[in-house]
Structure formats: structure tokens, C-alpha cells
Amino acid sequence: MWLNSQNARGEVVIMNLEFEIKKSLQKNVSLPALIDLIYQYKQIGGTQQESYTTLEKIRDNDIEESTEDRILEVMDFVSGFCSLDKRIWNEVLIDR
């Protein structure tokens, strides 16, 4: 899903979350870096449901177990199935 928005300087920001997550997984980036991508997506208007659905889509592909584990961890932060201070959104996503 492509999302575009304007930042504080009026510049257009375009982000394809699925592409960015897949690229980051291929580079084996850290869990905090993956979570930062979700925060960036949220800042430009991405929703909790869109983020969760994108992660599910990536997970549904044939991926290595270690990659799936990392995606599941990020999904926990997105859905709110974690401690309050780790949640990306304040709400708990029930429609998972």
C-alpha cells in the first residue's frame, strides 16, 4: 500500500510499507529499526489496521522461521499485544 503525505516542510512523503519492510528484512535490520518503519508510516497517516494487514501479508509468504518470528514481534507492537510503553498505537487491535 502506497501512502503519501506532506511533512512539516511541505515536502511530499511517499511510503510503501510492504516494500520497506521486505527490503529491511532482506537486510536483516534490527527489531527497533523495523518498529521505526511502522512509526514513520503512522506519522504520515498510516493506520494500525493497514500496518497489521501488511505484516500479515508478508508473513503469509513462504519465509524463514527467524523472519516470521521478527514479523510476529512487530505485529505484537502494532496490535498492542505488548506492554503499554511499547505500543505504537494506544488502542488494542481486536480485529486481527
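Helix H2 crosses helix H4 in a right-handed sense, and that is a good place to start in this predicted model. H2 covers residues 31-43 and H4 covers residues 65-79; the two pack at an angle of about 45 degrees, with axes 10 Å apart. H2 is therefore oblique to H4, because angles outside the roughly parallel, perpendicular and antiparallel ranges count as oblique.

Which residues make this contact? From H2 come Leu31, Leu34, Ile35 and Ile38, and they meet Arg70, Glu73, Val74, Phe77 and Val78 of H4. Sorted by character, the residues of this H2 and H4 contact comprise seven nonpolar and two charged ones, with no polar residue.

Now turn to the other partner of H4. Helix H3, residues 48-60, packs with H4 at an angle of about 165 degrees, and their axes lie 10 Å apart. Angles over 145 degrees count as roughly antiparallel, so H3 is roughly antiparallel to H4. The handedness here is left-handed, whereas H2 passes H4 in a right-handed crossing.

On the H3 side of this second contact you will find Gln48, Ser51, Tyr52, Leu55, Glu56, Ile58 and Arg59. Their partners in H4 are Glu68, Ile71, Leu72, Val74, Met75, Val78 and Ser79. The residues of the H3 and H4 contact divide into eight nonpolar, three polar and three charged.

It is worth looking at Val74 and Val78 of H4 once more. Both are among the residues that meet H2, and both also appear among those that meet H3.

Methods. Residues numbered from 1 in each chain as written. Predicted model: local features only at pLDDT ≥ 70, side-chain atom pairs only at ≥ 80, totals over all residues. Heavy atoms only, no water. Axes fitted to C-alpha atoms, helices over the stretch in contact; angles between N-to-C directions. Helix = DSSP H or I, 4+ residues; strand = E, 2+ residues; numbered from the N terminus. Parallel < 35°, antiparallel > 145°, perpendicular 65-115°, else oblique. Left-handed = near helix turned anticlockwise from the far one by under 90°. Contact = heavy atoms within 4.5 Å. Nonpolar A, V, L, I, M, F, W, Y, C, P; charged D, E, K, R; others polar.
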